[in-house]
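Thanks for passing this one along. Here are my notes, point by point, for you to read with the structure open beside you.

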Amino acid sequence: MRLLHTSDWHVGKTLKGHSRLDEQEQVLREIVGIAREHEVDAVLVAGDLYDTAAPSAQAQQLVIRTLMGLARNAEVIAIAGNHDHAPTIDAYRPLAGVAGITLVGSVRTAERGGVVEFTARSTGERATVAVLPFLSQRYAVRAAELVTNTPAENTGAYDQQLRDILASLTAGFRDDAVNLVMAHLTILNATFGGGERAAQSIFEYAVPATIFPVEAHYVALGHLHRRQRVDAPCPVHYCGAPLAIDFGEQDNTPVVCLVEAAPGTPAKVTDIPITAGRRLRTLRGTVAELSVLAGTVGEDFLRVWVREPARAGLREEVMAILPGALEVRIDPEFAAPVASSRPASGAERAPSELFREYLGTRNVADPRVEQLFARLHDRVTDGSLAGPSIDTGAH
């Protein structure tokens, strides 16, 4: 049978205040097209459908349309990640079931939905899927134990809880079926993608790959945004995020995983690149150097490190050259040193001198700003200033 493994859509995610919903729609449309082109029997969505526990109506509409599009030709099973609101995912469960979509928000016993079974349309083979949505440590380990135990003891308890849950869910794996596990969690020694929520990815939440049973033909993981295979007794894979969610992920290659599996045979995995969506890129240089690079960036979103001292209007110059820049900063090499403390005699120094010192702490070196401050100071002290404040344009 053929399976499509995807995760970490993070629908509704913004970047530096910029909505990416149009890009996310293009990416998800491409995933639906891949599922149809390869005639997959099932699609496994391993968590983090949304970027927030309270997604907008537009984000929810996009996810629902995508899941329904996938379900027209395949079984669809989706679990909640740490960014999703598990009770809401479960609330949609009855309606989704009518549309042929299995949603699992919270950890469940095998009898109550923790194990999903289906028959592949293409081969008639049976598949058993043990599903493990994200489980917070505070739910896996009792509050009293979190307070009284050492961090190592709590980590061990969390590890054991997940082992016990997986052992229960996979107890029904059969020799004549394709046995699958889908989970949203962190594996020890796996590589982070760069945009994960650190508080729910750190050591306390990491478990060894040995928690998965050797009988599993394939383990479909979500949570870490970089595509990777994890060394384990069975095939364990993170498919990664299909769209880089911030500049820490700009070097990741977005893919979905096409999985071919049969009873008694380890799964064969093929990466299919995702081409939709704007790429993220970091540029460094002087304004003149950035001007030369402007013709090479296309539609990429940019993070720009300017290799010049700060001055009034610098950000606007960069934005005029690179309209796709979402973040403009001074390269640390060109940042003015920050004074550790103000001299004790500061109260006796002229306001213009103090302001010049302040500009130094803000990495601004522009005599025009100092001149403007001097004029404003004179107007304030002689009582002639009226009206709204003035934006100097300094950054």
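1. Let me begin with the aromatic rings; please keep in mind that this is a predicted model. Two aromatic pairs are counted. In one of them, the ring centres of F355 and F373 lie 4.1 Å apart with their planes at 10 degrees, so this pair is stacked. The two residues come from separate elements: F355 belongs to helix α10 (residues 351-361) and F373 to helix α11 (residues 367-381), and the two positions lie 18 residues apart along the chain, so to speak, as a link of distant parts. To put that spacing plainly, F355 and F373 are 18 residues apart. How is such a pair described? A pair of aromatic rings is described by the distance of the centres and the angle of the planes.

2. Staying with these rings, are F355 and F373 buried or exposed? With a relative accessible area of 18%, F355 is buried, because the limit for that label is under 20%. F373 has a relative accessible area of 23% and is therefore partly exposed. A further ring belongs here too: Y358 joins F355 and F373 in one aromatic cluster.

3. Another ring has a charged residue for company. R278 lies over the face of F301, at 3.8 Å from the ring centre. F301 is worth keeping in view, since the next point takes up strand β18, which covers residues 301-306.

4. Now for the strands. Strand β17 (residues 280-285) and β18 run parallel and are joined by six bridges. β18 in turn runs parallel to β19, with five bridges between them. R303 is a handy residue to follow here: in β18 it is the bridge partner of T282, and in β19 its own bridge partner is E327.

5. How does the chain get from β18 to β19? It passes through helix α9 (residues 314-321), and this β-α-β crossover is right-handed. A right-handed β-α-β unit is also made by β17, helix α8 (residues 287-293) and β18. As for β19 itself (residues 325-330), five of its six residues are buried, and the strand is mostly covered.

6. R227 deserves a look of its own. It sits in the loop between β12 (218-222) and β13 (228-230). Its side chain makes polar contacts with two others: the side chain of H237 at 3.1 Å and the side chain of D271 at 2.9 Å. Which residues does R227 touch, leaving aside neighbours within four places in sequence? The list is H237, Y238, C239, G240, T253, V255, C257, V269 and D271.

7. Two residues caught my eye for their backbone angles. Most residues other than glycine have a negative phi. H223, in the loop between β12 and β13, has a positive phi near 120 degrees. E39 also has a positive phi, near 50 degrees, and is placed in the loop between α1 (21-37) and β4 (42-45). Their surroundings contrast: H223 counts as buried at 2% relative accessibility, whereas E39 counts as exposed at 60%.

8. A276 is a good place to see parts of the chain meet. This residue is in the loop between β16 (265-273) and β17, and at 13% relative accessibility it counts as buried. Its C-alpha atom is 5.9 Å from that of Q26, although A276 and Q26 are 250 residues apart along the chain. Apart from neighbours within four places in sequence, A276 is in contact with Q26, V27, E30 and L243.

9. A second pairing of this kind involves Q58, found in helix α2 (residues 57-71). The C-alpha atoms of Q58 and G12 are separated by 8.1 Å, and the two residues are 46 apart along the chain. Q58 counts as partly exposed, at 46% relative accessibility.

10. Finally, some figures for the whole protein chain. Its secondary structure comes to 11 helices and 19 strands. Of its 395 residues, 48% count as buried. Which share of contacts joins residues at least 24 apart, among those between residues at least 6 apart in sequence? That share is 65%.

Technical notes: Residues are numbered from 1 along each chain as its sequence is written. This is a predicted model: local features need pLDDT of at least 70, side-chain atom pairs count only at pLDDT 80 or more; totals for chains, interfaces and linings use all residues. Side-chain values use heavy atoms; hydrogens and water are left out. Buried means under 20% relative accessible area, exposed over 50%, partly exposed in between (1.4 Å probe, protein chains only). Helices (H or I, at least four residues) and strands (E, at least two) are DSSP runs, numbered from the N terminus. Two strands pair if DSSP finds at least two bridges between them. A crossover is right-handed if, with the strands pointing away from the viewer, the path from the first strand over the helix to the second runs clockwise. Rings of Phe, Tyr and Trp (its six-membered ring) pair if their centres lie within 6.5 Å; planes under 30 degrees apart count as stacked, over 60 as edge-to-face and the rest as tilted. A charge sits over a ring if NZ of Lys or CZ of Arg is within 6 Å of the ring centre and within 35 degrees of the ring normal. A polar contact is a pair of N or O atoms within 3.5 Å; within protein, one must be able to donate a hydrogen and the other to accept it, and residues adjacent in sequence count only if both atoms are side-chain atoms. Contact means heavy atoms within 4.5 Å.
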